Amino acid sequence: MAESLDLLKGTLDLLILRTLQAGPMHGWAISERIEQISQDVLQVNQGSLYPALHRLEHHGWIQAEWGVSELGRRARFYRLTAAGRKQLDIESKNWDRLSIAIGRVIKLA
Amino acid sequence: MIRLRALLHRREVEQDLQDELILHIELQTRKNLSRGMDPVEAARHARIQFGGVQQVTEECRDARGVNWITTPCKDALYALRGFRRSPMFVITAVATIALGLAIDTALFTVFNAYYFAPVNVRDPHSLYAIGSTGVAHGYSLAAYQQFLPQNSAFSEAFGYKGSEVRMNDRRAFGLLVTSNYFQMLGAGAVLGRTLLPGDAAPTGGEPVVLSYPAWQNRFGGDPNIVGKAILLHGYPFQVLGVTQAGFRGLGARPVDFWAPFNAAARFDQGSDAAGPLSIVARLKPEYGLSQARAGVTVWLRHLAGNGPDAGGVQGLVTSVANFKPWNSGNTLAFVPILVAFSLVLLLGCANVASMMLARAMSRQREFGIRLSLGASRSRLICQMLTESTMLAFPAAAIGFVLSQALIWLCVRVLFATLLPGIVDFANRLPSLSPDLRVFAFNLAAALAAAFLCGVVPALQAARTNLVQAAQGEFANAFRPSRLRNVLLVGQVTVCVLFLITTGILLRGTQQVQNLEGSLSARDTIEIAVHDKFRDRALDRLAVEPSLDLLAAAAASPVGRKPVVSVTARDGGASLQIAANSVSPEYFTLFDLPVLAGRNFTAQEARSGAPVAIVSQTAARRLWLNQGAVGQILTVASPTRSVRVVGVSRDEISRWIFSGEEKTLVYFPTAPRTGGNTLFVAVRGDVETARRKLDSNLAAIDPDAVDEIRRLRVRDFVREEAYSFRLAYWGAAAIGVLALLLTLTGIYGVVAFVVSQRMKEIGIRMALGASSASVSGLILKQSMRLACIGTVIGTVLALGVSKALASIIVMVNTFDALTYMGGTLFVLCACAAAGYLPTRRATRIDPVSTLRYD
């Protein structure tokens with residue numbers, strides 16, 4: 001297993017929004033999926049996941065609904081809203097610009 | 001939405017959040033289990049991975065953005081719980097703030113009625129008086145007619161002129177207005193109609209519109225008044241209507257009637273009938289004030305033509321939207337009153353602040369615990385400020401009710417003590433009902449007061465030393481005694497200041513009272529006749545059977561007199577002195593005996609001989625102790641020499657605001673000399689005689705009499721002194737309130753000091769200190785502060801009384817008795833207030849105090 005990295009500040013929102021593009025899921029599933037897809041490189045700090053979810057909901061980018069989890073218990077499923085899709089678009093473009101810029105600096109400086 | 005839900009269904013939302021977080025931990029536990037951990041280890045690991053549940057919960061709450069609402073709510077609830085535990089504190093604090101607030105709100109209600117509440121006319125805020133920087137105010141009718149065409153910034157304008165005339169047989173104040181006046185101000189009539197543009201004079205006399213109060217007070221609310229004839233200045237006018245009750249026109253002076261401007265010809269016979277009038281115009285909404293002013297300036301310069309000062313004239317455009325115009329002069333006059341009233345509120349605040357300091361001190365343990373549990377200092381300060389704000393709301397409510405009661409009471413007292421001569425004053429009072437501005441002021445003042453009370457204790461509480469708090473030592477870091485001392489000194493200062501000022505005013509009123517006794521109490525009738533009809537009027541009076549005595553004088557004994565410069569030929573003393581020309585009967589009529597020498601003879605009076613009578617004081621100043629009779633006096637402008645034939649008793653009049661006229665010189669004159677006012681004493685009922693004289697003189701010509709009214713010098717002076725008495729009562733009330741607040745403040749502080757030094761006193765007594773020495777110790781501490789406050793207060797009082805003396809003459813700035821009495825009284829009261837809690841200190845049982853805590 002590769003050594004896990006802490007998330008860059010501000011990228012958690014982007015990751016959550018991108019993850020939810022695949023469909024509604026609850027908090028634990030979101031963190032699992034991020035770890036899975038990043039092949040365990042990215043570890044979501046679970047303490048900061050829920051405040052982030054609530055903040056995104058407060059902004060109206062995601063919407064929470066009650067559903068039934070795999071344990072048969074009720075769980076909050078988060079779903080991307082139209083505003084969230086727009087925000088995701090903006091944030092991923094920003095990320096692209098940032099990573100390209102950083103890549104350039106690393107290569108050429 | 002989410003925010004609303006979070007607010008309204010707080011418990012549900014909290015539960016949801018808990019469920020969500022617990023589910024996460026359970027899912028994590030299952031994952032750990034599947035990795036092969038044993039159940040206990042899996043659960044523990046899941047919790048470690050998650051972090052602090054409480055912390056995450058709190059962060060989620062923050063993320064929802066409702067904490068800024070829920071936190072103050074929780075603080076408020078917490079404060080309420082605290083209040084329930086100490087009801088005496090709450091009652092005292094609320095009552096103290098409410099008391100100070102009540103008088104401030106009452107003052108503001110009056111202030112508001114005069115300066116902030118708009119006058120009751122249509123769109124008052126667009127109305128402006130047109131003036132100029134020059135001396136002359138007033139425009140000719142022709143200028144008025146040019147005004148609108150040449151000033152495009154204004155949409156309409158009316159002209160008016162104030163006129164004081166007799167209405168039937170009583171003095172009345174009316175406005176002579178251009179016919180668009182009522183239309184422009186949007187005033188309707190309760191009876192008949194108002195003046196309309198194009199009103200022609202109906203048969204039966206010029207039209208006149210009565211004000212509602214005039215109709216009620218002078219005509220008994222006669223429902224058939226419309227169409228009746230009333231006499232204005234002896235001429236018949238026909239009543240056209242009565243204005244609505246709420247309409248008072250513009251300006252502070254109550255108007256009794258409105259007449260068309262061309263009626264001015266009737267009132268000012270011989271003078272320019274189209275005489276100077278004032279203009280009020282309505283600014284068009286699209287124009288600014290500076291544009292309007294520039295336009296007026298151009299118009300004024302055009303009016304002045306090529307006159308000498310045409311270039312320097314500047315237009316002035318002043319709002320008439322309020323009862324009184326808002327300018328620096330008015331504001332300055334209000335400053336001392338404002339300061340006095342707000343000082344009382346500040347005194348109350350000081351009391352509450354020291355109470356809160358004591359309370360904060362006894363809560364040190366609580367603050368220490370909260371700080372060690374992780375509360376931030378700002379959070380603690382917020383909590384304390386919330387507590388003091390919670391006190392503000394009930395204080396505002398009670399203060400408001402109290403203020404309205406106070407106003408009601410004051411108006412009642414005012415009317416009950418009002419002298420008959422100034423009953424008209426009652427009409428002048430604007431409506432004193434509270435409006436939104438008063439509410440806002442009340443609430444703002446309450447919040448400001450609460451903040452002032454709370455901020456210092458809050459800051460002090462937040463200074464709690466965490467380490468000491470954790471060790472259980474709470475009191476050491478907390479020594480707000482210096483601040484409390486400052487508060488106490490301030491209170492004593494203000495208290496001494498108020499009491500001395502009250503004392504000075506009281507001595508003034510006493511002086512007034514003493515002097516009133518020596519004034520003439522004779523009921524006379526003052527008649528000002530038109531010079532054209534003087535001889536015929538005097539002939540008519542000569543045959544009046546009820547007439548007892550007739551005197552004449554250039555100036556009324558209560559009127560303003562010209563000042564002349566006189567020099568004693570032998571001795572050289574020179575004096576600025578008030579002068580009056582009087583007939584010989586004047587001295588008899590107004591009880592001014594000639595003490596030395598003789599009165600004027602009838603021959604001297606007729607010829608205006610070069611003789612004079614001087615008042616006692618004038619004689620003393622001019623010739624010291626030598627006899628004044630027979631001396632020669634040189635009078636300036638026109639320079640002439642007169643021989644003093646007599647010395648009369650000092651005459652006292654108008655001395656509240658312009659000083660005692662103790663130095664007077666009288667020259668002889670006769671009733672037939674032009675310009676003289678006549679004074680008559682009659683047998684029998686004076687009012688009946690006055691009416692009879694009025695109708696008899698009016699029979700000569702409607703215009704023969706300018707003025708016929710009763711005059712009693714003593715009453716007149718009493719009326720003058722009335723405002724002085726009001727000031728005294730006001731100052732006394734505030735002084736007593738200040739004293740009460742100071743005494744309770746001292747009591748509280750000393751009681752607190754005693755409880756603070758309980759241990760020390762116990763040790764002293766255990767070591768053998770007598771109870772007298774212990775109480776001396778405590779008293780010395782509080783009396784030292786009281787002495788400092790007294791000294792500062794006395795110095796301030798000197799300044800205030802000097803300022804008072806510059807407005808009111810009857811004030812003795814260096815009244816030693818008042819100063820000594822005031823300071824002694826305050827010191828004794830302070831000692832008494834401090835003694836009560838001190839006695840408690842002497843009853844301390846040393847053993848039990850040493851065991852305590």
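Start by selecting Glu65(A) in this predicted model: across from Glu65(A), in strand S3 of chain A, stands Phe77(A). Add Val68(A) to the selection, and you'll find that the bridge partner of Val68(A) in S3(A) is Arg74(A).

**The sheet of chain A**

Now show the strands around those residues. Strand S3 covers residues 74-80, and 7 bridges join S2(A) to S3(A), with the two running antiparallel. If you wonder what holds such neighbours together, strands of a sheet pair through backbone hydrogen bonds, either parallel or antiparallel.

Follow the chain from S2(A) into S3(A) and you go round a hairpin, with 5 residues between the two strands. Stop at Gly72(A) in that turn, where phi is positive, at about 80°.

What is the order of the strands in the open sheet? Reading across the 3 strands of chain A, the order is S1-S3-S2, with antiparallel pairing. The edges are strand S1 (25-26) and strand S2 (62-68), each of which pairs on one side only. Next, select residues 11-20 of chain A, which make up helix H1. This helix packs on the sheet and touches S1, S2 and S3 of chain A, and its direction makes about 95° with that of S3(A).

**Zoom in on Arg79(A)**

Go back to strand S3 of chain A and pick Arg79(A), which has its place there. Arg79(A) counts as partly exposed because it has 14 C-beta neighbours inside 10 Å, while a residue needs 20 or more to be buried. Which residues does Arg79(A) touch, leaving aside those up to four places away in sequence? Highlight Leu20(A), Pro24(A), Ile62(A), Gln63(A) and Glu65(A); Glu65(A) is the residue you began with, opposite Phe77(A). For a distance to try in the viewer, take the C-alpha atoms of Arg79(A) and His26(A): they are 53 residues apart along the chain and separated by 9.0 Å.

**Chain A as a whole**

Zoom out until the whole of chain A is visible. You should be able to pick out 4 helices and 3 strands, which follow the pattern α-β-α-α-β-β-α along the sequence. Of its 109 residues, 30% count as buried. Looking at contacts in chain A with a separation of 6 or more, 55% are between residues 24 or more positions apart.

**Where the chains meet**

Bring chain B into view. Here 19 residues of chain B are in contact with 16 residues of chain A. On the chain B side, helix H2 (10-34), helix H3 (39-50) and helix H4 (53-64) are the elements that give two or more residues. H2(B) gives the most, with 8 residues. Colour this side of chain B by class and you'll get 8 nonpolar, 6 polar and 5 charged residues.

**Into chain B: Asp75(B)**

Next stop: Asp75(B), in helix H5 (residues 67-85) of chain B. Is Asp75(B) buried or partly exposed? With 19 other C-beta atoms within 10 Å, Asp75(B) is partly exposed, since the cut-off for buried is 20 or more. Beyond residues up to four places away in sequence, Asp75(B) touches Cys382(B), Gln383(B) and Thr386(B). Cys382(B) is 307 residues from Asp75(B) along the chain, yet their C-alpha atoms are separated by 8.2 Å.

**A pair of crossing helices**

Now select helix H6 (residues 87-116) and helix H16 (residues 436-462) of chain B. Their axes come within 9 Å and cross at roughly 145°, and the crossing is right-handed. Among the contact residues are Gly100(B), Thr105(B) and Phe108(B) on H6(B), and Phe441(B), Asn442(B) and Ala446(B) on H16(B). By class, this contact has 10 nonpolar, 5 polar and 2 charged residues.

**The nonpolar cores**

Finish with the largest nonpolar core, which has 89 residues. Inside this core, Ile97(B), Leu101(B) and Ala449(B) have the most contacts. Its largest share, 17 residues, comes from helix H12 (residues 328-362) of chain B. Apart from this core lies another, of 55 residues, including Phe590(B), Val611(B), Trp623(B) and Ala681(B).

For a last close-up, centre on Leu101(B). Leaving out residues up to four places away in sequence, Leu101(B) touches Leu345(B), Ala395(B), Ala396(B), Gly399(B), Asn442(B), Ala445(B), Ala446(B) and Ala449(B).

Technical notes
Residues numbered from 1 in each chain as written. Chains lettered and ligands numbered in written order. Predicted model: local features only at pLDDT ≥ 70, side-chain atom pairs only at ≥ 80, totals over all residues. Pairing = 2+ DSSP bridges. Contact = placed C-beta atoms within 7 Å. Axes fitted to C-alpha atoms, helices over the stretch in contact; angles between N-to-C directions. Buried ≥ 20, exposed ≤ 12 C-beta atoms within 10 Å, placed from the backbone. Left-handed = near helix turned anticlockwise from the far one by under 90°. Nonpolar A, V, L, I, M, F, W, Y, C, P; charged D, E, K, R; others polar. Core = buried A, V, L, I, M, F, W, Y, C linked by C-beta atoms within 7 Å.
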